[in-house]
Amino acid sequence: MKLRVDIDMCTGHGRCYALAPDVFGADDFGHCEILVPDVEGDLLEQAKIGVENCPEQAIGFTEDDSEATGVEPSAESTRRAQD
Ligand code: SF4
């Protein structure tokens, strides 16, 4: 299942990467970075916990590959999965 983050909605609470550190990380500003854009198995379970605990609803799942997001070095507000 693919993950997406809306970086404009993320306020950097850090709950996602505190609760699901194998799936979510933090950029230099404490905002969410998706470490594993396509999760399954144990990582999917961890991702669900992170998604459910984001107070801003900034992260979620998507069926659309074009909405999946991953880590990129740029500070663009929309990040796309690396294939
Ligand atoms: S995605 Fe949500 S929980 Fe994670 S840092 Fe952003 S606001 Fe916080």
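Which residues point one way from strand β1, and which the other way? The points below take this up first and then move outward from the strand.

1. The model is predicted. In strand β1, residues 2-5, Lys2 and Arg4 point one way, whereas Leu3 and Val5 point the other way. Lys2, Leu3, Arg4 and Val5 are all buried, the two charged residues included.

2. Strand β1 runs antiparallel to strand β4, which spans residues 59-62, and four bridges join the two. Within this pairing, Gly60 of β4 is the residue opposite Arg4.

3. As for the overall layout, the chain holds four strands and two helices. Read from the N terminus, their order is β-α-β-β-α-β. The chain has 83 residues, of which 29% count as buried. Among contacts in the chain with a separation of 6 or more, 62% are between residues 24 or more positions apart.

4. The largest nonpolar core has 16 residues, and those touching the most other members are Cys16, Phe24, Cys32 and Ile59. Two or more residues of this core come from each of β1, α1 (15-19), β3 (32-34) and α2 (41-52).

5. Ile59 deserves a separate entry. Leaving aside residues up to four places away in sequence, Ile59 touches Leu3 and Val5, Cys16, Cys32, Gly50 and Val51, and Cys54. Leu3 and Val5 are the β1 residues that point the other way from Lys2 and Arg4, so this list can be read together with point 1.

6. Around the ligand there are 14 residues, and Cys10, His13, Cys16, Cys32 and Cys54 come nearest. By class, this shell comprises seven nonpolar, five polar and two charged residues. Cys16 and Cys32 thus appear both here and among the core residues that touch the most other members. Cys16, Cys32 and Cys54 are also touched by Ile59.

7. Is Gly30 buried or exposed? Gly30 sits in the loop between β2 (24-26) and β3. Gly30 is exposed because 12 other C-beta atoms lie within 10 Å, and a residue with 12 or fewer counts as exposed.

8. Gly30 nevertheless has contacts beyond its sequence neighbours: with residues up to four places away not counted, Gly30 touches Gly12 and Gly14. Gly14 is 16 residues from Gly30 along the chain, and their C-alpha atoms are separated by 6.7 Å.

How values were computed:
Residues numbered from 1 in each chain as written. Predicted model: local features only at pLDDT ≥ 70, side-chain atom pairs only at ≥ 80, totals over all residues. Near = placed C-beta within 6 Å. Buried ≥ 20, exposed ≤ 12 C-beta atoms within 10 Å, placed from the backbone. Pairing = 2+ DSSP bridges. Core = buried A, V, L, I, M, F, W, Y, C linked by C-beta atoms within 7 Å. Contact = placed C-beta atoms within 7 Å.
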